[in-house]
2 protein chains.
Amino acid sequence: MNTGILYGIGVGPGDPELLTVKAVRLIRTSDLIAIAHRDPEKCFAYRIARGAVPEIENKPVLCIDMPMTHDPKARERAYEAGAAALKQALLEGKRIAMPTLGDPTVYASFSYLAARVKRLGFAVEWVPGVPSFCASAAALGEPLVTDREMLHLIPGAEGAADALALPGTKVFMKGELNELLDALADSGTDAQAVENCGTDGQRLYRSASEIPRDAGYYLVTIVRGNET
Amino acid sequence: MNTGILYGIGVGPGDPELLTVKAVRLIRTSDLIAIAHRDPEKCFAYRIARGAVPEIENKPVLCIDMPMTHDPKARERAYEAGAAALKQALLEGKRIAMPTLGDPTVYASFSYLAARVKRLGFAVEWVPGVPSFCASAAALGEPLVTDREMLHLIPGAEGAADALALPGTKVFMKGELNELLDALADSGTDAQAVENCGTDGQRLYRSASEIPRDAGYYLVTIVRGNET
């Protein structure tokens with residue numbers, strides 16, 4: 001019987017202390033680490049995991065190279081190749097831990113690999129983690145939502161103006177910052193933001209006017225509703 | 001100098017292994033545990049924290065009694081009384097850990113207490129945790145969102161029909177289940193749900209028709225978008 005299993009492990013947004021006890025245990029007891037990157041040193045999720053579990057360095061790493069492209073065919077090929085490599089290790093009965101930034105159910109490459117590995121008939125377990133938007137609100141010292149407020153997570157800023165009209169709190173992630181900042185200015189809406197949450201490079205922006213247009217990819221922008 | 005501090009500590013949705021390493025450390029090293037409940041045995045967040053840190057039982061507990069009411073005045077009085085009790089302990093330099101179900105930035109009583117304690121001039125730190133909706137999707141073995149999908153968190157089911165029309169994934173929490181199930185049936189929308197995520201009583205519902213109308217308060221219902 002094949003006893004291999006693939007764990008998608010949320011490692012939180014940056015601070016190694018935000019790994020869960022379960023994430024630490026499963027990384028520690030895994031046979032193989034899989035990353036969605038060509039190079040562990042450049043994989044943020046791997047570095048966070050190493051901060052919590054230094055002995056990860058003694059484990060073999062399966063690098064699944066993800067092309068930096070939106071071309072669906074190129075991405076499809078990368079996922080297929082990744083799933084094939086995972087399959088090989090799973091057939092050998094390996095327990096594979098795949099560190100995933102934040103939480104694996106929220107905008108993670110792991111989703112695509114997990115779907116393929118499951119279709120191939122192997123066991124997959126999703127281990128939830130602390131998402132960056134929760135950690136960002138915590139760093140700002142404010143709730144995302146209370147009582148009956150809705151929360152909306154908006155990836156990219158296409159249609160930012162429409163999204164700003166939604167009731168409740170809006171969280172913008174994953175880039176296209178100029179469009180978002182323009183939409184905030186046009187609508188006279190204030191915002192707060194956290195860059196590189198939980199790392200040495202963490203920066204807090206307490207108003208929309210403070211957010212630099214050249215902020216990095218790991219920026220979470222929070223627009224609170226007016227209800228409370 | 002006053003060195004007291006109030007920590008709002010996310011303990012995740014139910015499984016004690018989903019506490020973060022930081023949550024465990026801060027609970028372990030705290031002087032006092034605060035709970036938003038009259039009785040630790042009936043406080044779910046306290047019981048989860050105890051599962052991860054059994055020695056919590058040796059620490060004094062400050063019980064802040066929250067009336068089960070939507071009456072704003074009664075709630076206001078409870079928060080004021082809670083803040084006054086916390087103030088007293090903070091003046092004594094106590095490090096206070098307040099275990100909070102899921103994540104403290106998402107629908108937590110801690111928000112109200114933290115705002116008051118901060119206004120009184122004391123240090124407050126928010127320690128993020130795994131929210132129930134991430135853990136529920138993980139238990140179902142499916143992503144909440146991928147790529148450019150929006151995620152909407154909808155507390156209660158007032159206006160469920162309108163919310164179902166939003167693009168992307170919708171997560172319904174906190175009750176009024178009949179209205180939600182009616183809206184799902186009327187619109188022919190399928191859903192999945194997790195009850196009591198991460199506990200011995202966890203139940204998964206793979207379609208809307210399986211969700212029982214008498215499901216408990218700790219039910220998370222997920223409606224995936226059609227984009228992927």
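Here's a quick briefing on how chains A and B meet, and on the sheet inside chain A. Keep in mind that this is a predicted model. The two chains bury about 4100 Å² between them, and each chain puts 47 residues into the contact. Within chain A, the thing to look at is an open sheet of five strands with parallel pairing.

**The interface by area**
- Carbon and sulfur atoms give 59% of the area buried between chain B and chain A.
- On the chain B side, B:Glu17, B:Thr105 and B:Arg148 lose the most area to chain A, and together they make up 16% of what that side buries.

**Polar and charged links**
- Counting residue pairs in polar contact across the interface of chain B and chain A gives 23, with both partners at pLDDT 80 or more.
- Salt bridges across that interface come to four.
- One salt bridge joins the side chains of B:Arg75 and A:Asp147, with 3.6 Å from N to O.

**What chain B brings to the contact**
- Four elements of chain B each give two or more residues to the side that touches chain A: α1 (21-28), α4 (110-119), α5 (132-140) and β6 (151-155).
- Sorted by residue class, that side of chain B holds 25 nonpolar residues, nine polar ones and 13 charged ones.

**Strand pairing between the chains**
- β6 of chain A (residues 151-155) pairs with β6(B), running antiparallel over three bridges.
- If you want a spot to zoom in on, try A:Leu153, which sits opposite B:Leu151 of β6(B).

**The sheet in chain A**
- Reading across the open sheet of chain A, the strand order is β3-β2-β4-β1-β5.
- β3 (61-63) and β5 (123-127) of chain A are its edge strands, so to speak, each pairing on one side only.
- On average, and ignoring direction, neighbouring strands of this sheet are turned by 25° against each other.
- Inside the sheet, β2 (residues 32-35) and β4 (residues 95-100) of chain A run parallel and are joined by two bridges.
- For A:Ile33, the bridge partner in β4(A) is A:Ala97.

**A helix on the sheet**
- Helix α1 of chain A (residues 21-28) packs on this sheet, where it touches β1 (5-10), β2, β4 and β5 of chain A.
- The direction of α1 in chain A makes about 140° with that of β1(A).

Technical notes:
Residues numbered from 1 in each chain as written. Chains lettered and ligands numbered in written order. Predicted model: local features only at pLDDT ≥ 70, side-chain atom pairs only at ≥ 80, totals over all residues. Heavy atoms only, no water. Contact = heavy atoms within 4.5 Å. Buried area = accessible area lost by both parts, 1.4 Å probe. Polar contact = N/O pair within 3.5 Å; in protein donor to acceptor, adjacent residues only side chain to side chain. Nonpolar A, V, L, I, M, F, W, Y, C, P; charged D, E, K, R; others polar. Pairing = 2+ DSSP bridges. Axes fitted to C-alpha atoms, helices over the stretch in contact; angles between N-to-C directions.
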